[in-house]
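Please work through the exercises below with the sequence and the model side by side, trying each task before reading its solution.

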Amino acid sequence: MVLRLLHLCMIMLAYLVAAGYVLYRLKQTFTNKGRWFKAACWLCAPMTVLFILVLFLRLFNLGSWFLPFQTVAYLWLTAVMYAALFAVAFDALRLLAYLIKPLRKRVLPFLNSARPYYALVSVLCVIGLLGYGLYHFTQPKVVDLTVEVDKPVPDLNIVVVSDLHLGTMSAERLLMHVDTINALQPDMVLMLGDQFVINWRDVVPMGYAKAFRKLRAPMGVYAVNGNHEGYHEFSRSTDPRVGQLYRYLRVNLLNDTAVVVDGKLALIGRADSSRLYARKSLPEIMENVPDGLPTILMDHQPADLGQAKACDVDLQLSGHMHNGQFFPMNLYQGFKSLFNKKLYYGYRQDGGTQYYVTAGLGSSGAPMRIGTDVEITVVHLKQKTHRESPVR
C-alpha cells in the first residue's frame, strides 16, 4: 500500500508540474487577452480536483459507477501532458534560436510573435491526438511469432493476450476481440494478467463473463494474475466464489502452478512479482515438471528474465509494460533498455530461452493508444528442425 501511495503521489506531482507549466505559458502568451487565461483556469481547476480525487480513490475498491469518472480524469491527464510537451517543444525552439547568434535577431522575434498561433495549433493537435488515441485503441494488431524449441512438440497455434484492463475496455469491445481470437483458430489461449480493473463481483453483471465463455480453444484457456488483480480483490481474496467465477469463465488460473497440457507441453504460471515475498520460487514451481517437455512460463511482469534461463524454460511470455502505451513513453522504454538490458517490448533470445513481452490488448486509465498498438499475439510453436550437414 505504501509503495502504491508513493507511486500515485509521483503521478500527481508530475501532473501538477505539467498543468502549472502550461498555465504559466498561457498567461505569458495572452497577456493582453486575459479572458483566454481565465477560461483555461476555470477549466483546469475543476478537472484538477476531479483528477486528484480519482487518482487517490483508486486505492479503494470502488464499484463500476466509478469507471466513467476515471476515464474522463485520465483523458484530461493525457491532454495536459501533451499540451506540456508542445509547450516544451516551443521553448526548446526559442532557446535554440537564442543560442545560435545568427538566428537570434531574426527567428527569435518571429517565434515570440507567433506564440498565440502556436498555442491555438497546439490545442487543436491535442484534441486530434485524443481522438486518434481513442480510435486507435479499437484497432488491434495481430502479431505472428514463430518459436522453435529443441524438443518434440506438435505444431501449435497459441494466442496470447495481456492487460485487458476490463473496466476500461467495454464488454462489447471484449466480445469483438473474442471474435477475432476465435477466427485465428487457436489451440490454446494464454492471458498474462491484468485482465480486470474491477471487483470480481462486477464481472458477470457488466457482461464480461458472456464474452469469456465464447472463447474457443481445444486445449483450454489459461491465465495468471497481474498487479491489478491484487488491487481489486482477485488474487488477494479468500472468497471461494473467486475460484467459482474463474470456472464459470472457463479459464484455468495458474497461480504459482505448473500443469502439463495434453501431455504435449508444460505451462508454468507465476503469481505477480508485486507479491514478491508471497510467491514461490521458479525452481519450486517446476520441480514436478517432467523432463523433455517444452515449457512456457507466464509471468505478468518481465521483472527478472534470468530466472527463466536458469531454469531452462523454453519460452517466457509477459506483458504489463504496454510498450509505453503513449508516445514518447515507448521511446523512453526503448532507450532505458539500452542501459539496463531489460525487455520492455518484443522478442529476445538468450541461450536456449526465448522471451516475448506483448504490448497488451487494453490500456491503463483512458481507453487510448498513441504511438503504440494494442495487440493479439499468435505464437506458432514448432519443433526445431536440424539440417544434416552435406557428406563430403
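Two exercises follow, one on a helix and one on a cavity.

The model is predicted, so local features need pLDDT of at least 70 and side-chain atom pairs count only at pLDDT 80 or more, whereas totals for chains, interfaces and linings use all residues. Residues are numbered from 1 along each chain as its sequence is written, and side-chain values use heavy atoms, with hydrogens and water left out.

**Exercise 1.** Find which residues of helix α10 are buried, meaning under 20% relative accessible area with a 1.4 Å probe and protein chains only.

*Solution.* Begin with the span of α10, residues 240-249, in which V242, L245, Y246 and L249 are the buried residues. Next, look down the axis of α10: these buried residues fall within an arc of 95°, taken from the directions from the helix axis to the C-beta atoms, so they line one face of the helix. An α-helix has 3.6 residues a turn, so residues three or four places apart point the same way. Then turn to the other side of α10, where P240 and R247 are exposed, that is, over 50% relative accessible area. Finally, the buried residues of α10 pack against α8, α9 (227-231) and β5 (252-253), where contact means heavy atoms within 4.5 Å.

**Exercise 2.** Determine which helix supplies the largest share of the lining of the second largest cavity.

*Solution.* Start from the lining, which includes L174, H177, V178, I181, A211 and F212. Both α7 (171-183) and α8 (208-212) supply at least two lining residues each, and the largest share, four residues, comes from α7.

Note on methods
1 Å grid on protein atoms, 1.4 Å probe; cavity = no way out; pocket = protein on both sides within 12 Å on 5 of 7 lines; lining within 4 Å.
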